[in-house]
Amino acid sequence: MLLFGAHTWRGESGTRYRFKSVLTKGGLPPEGIGGIYIFIRRRWVFFLEPLYVGKAHDLRSRLLGHEKWPRAFWYYGATERHVSEPIRDEIDRRRVEEDLIHGLRPRMNDVEIPKAGHDAKAHGAQLRRWFGLSMAQKSQASGTTSASA
């Protein structure tokens with residue numbers, strides 16, 4: 001079970017979460033067990049790339065009919081699913097999911113989950129730095145003049 005056994009994933013907080021690899025229906029947990037799952041792309045045997053992180057109240061039913069699995073499998077080359085140990089509380093599942101999404105940055109998670117209210121301002125400032133926009137350029141582009149520019 002060296003290749004497809006247990007694996008730990010680290011969240012943004014540095015906390016390690018233990019997962020097991022699930023390759024068949026028989027490996028899924030029984031009905032009614034909630035937790036976190038990750039779609040994985042295995043590259044060069046030992047290099048694992050997380051593609052999608054999600055949470056579910058019932059892991060078995062969620063993974064058997066997940067709407068993103070066909071795209072993960074055919075388009076991104078997902079090879080396996082990792083399932084966490086049972087997490088019974090919805091608040092804990094949400095906290096662990098957010099921590100893993102921020103730490104792993106999987107490409108199929110569409111929506112960035114904000115950590116706090118100040119993230120929107122930081123995100124806008126980061127975009128301006130990336131594209132080389134200053135506030136003066138922005139106001140000139142919109143047709144207004146700025147006294148502070």
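What share of the contacts in the chain between residues at least 6 apart in sequence join residues at least 24 apart? The share is 65%, and the legends below, which describe a predicted model, go from the whole chain to several close-up views.

**Figure 1. The whole chain, with five helices and five strands.** Followed along the sequence, these elements come in the pattern β-β-β-β-α-α-β-α-α-α. Of the 149 residues of the chain, 37% count as buried. The accessible surface of the chain comes to about 9900 Å², and 55% of this surface belongs to carbon and sulfur atoms.

**Figure 2. Strand β5 (residues 80-84) and its surroundings.** Because five of the five residues of this strand are buried, strand β5 is largely enclosed by the rest of the structure. Glu80, His82 and Ser84 point one way from the strand, while Arg81 and Val83 point the other way, and the residues of both groups are buried.

**Figure 3. The pairing of strand β5 with strands β2 and β3.** Strand β2, which covers residues 16-22, pairs with β5 in the antiparallel sense over four bridges, and within this view Val22 can be found opposite Arg81 of β5. Strand β3, which covers residues 35-43, also runs antiparallel to β5 and is joined to it by four bridges; here Ile38 stands opposite His82 of β5.

**Figure 4. Aromatic rings of Phe73 and Trp74.** A pair of aromatic rings is described by two values, namely the distance of the centres and the angle of the planes. A search of the whole structure finds seven aromatic pairs. One of these is the pair of Phe73 and Trp74, which is edge-to-face, with 5.1 Å from centre to centre and 90° between the planes. Phe73 has a relative accessibility of 38% and therefore counts as partly exposed, whereas Trp74, at 73% relative accessibility, counts as exposed. Phe73 and Trp74 also belong to a cluster linked by ring pairs, in which Tyr37, Phe39, Tyr52 and Trp69 take part as well.

**Figure 5. Aromatic rings of Tyr75 and Tyr76.** The centres of these two rings are 4.8 Å apart and their planes stand at 85°, so the pair is edge-to-face. Tyr75 is exposed, with a relative accessible area of 57%, but Tyr76 counts as buried because its relative accessibility is 16%, which is under the 20% that marks a buried residue.

**Figure 6. Charged ends of arginine side chains over aromatic rings.** The charged end of Arg71 sits over the ring of Tyr75, at 4.5 Å from the centre of that ring. In a second example, the charged end of Arg81 sits over the ring of Trp69, at 4.6 Å from the ring centre. Arg81 has already appeared in the views of strand β5, where this residue is buried and stands opposite Val22. Trp69, for its part, is one of the residues in the cluster of linked rings.

**Figure 7. Arg105, in the loop between α3 and α4.** Helix α3 covers residues 90-104 and helix α4 covers residues 119-131, and Arg105 is found in the loop between them. Most residues other than glycine have a negative phi. Phi of Arg105, however, is near 50°, which is a positive value in a residue other than glycine. Arg105 is exposed, with a relative accessible area of 57%.

Notes:
Residues are numbered from 1 along each chain as its sequence is written. This is a predicted model: local features need pLDDT of at least 70, side-chain atom pairs count only at pLDDT 80 or more; totals for chains, interfaces and linings use all residues. Side-chain values use heavy atoms; hydrogens and water are left out. Buried means under 20% relative accessible area, exposed over 50%, partly exposed in between (1.4 Å probe, protein chains only). Helices (H or I, at least four residues) and strands (E, at least two) are DSSP runs, numbered from the N terminus. Two strands pair if DSSP finds at least two bridges between them. Rings of Phe, Tyr and Trp (its six-membered ring) pair if their centres lie within 6.5 Å; planes under 30 degrees apart count as stacked, over 60 as edge-to-face and the rest as tilted. A charge sits over a ring if NZ of Lys or CZ of Arg is within 6 Å of the ring centre and within 35 degrees of the ring normal. Contact means heavy atoms within 4.5 Å. Accessible areas come from the Shrake-Rupley method with a 1.4 Å probe; for residues, only the protein chains shown count as cover.
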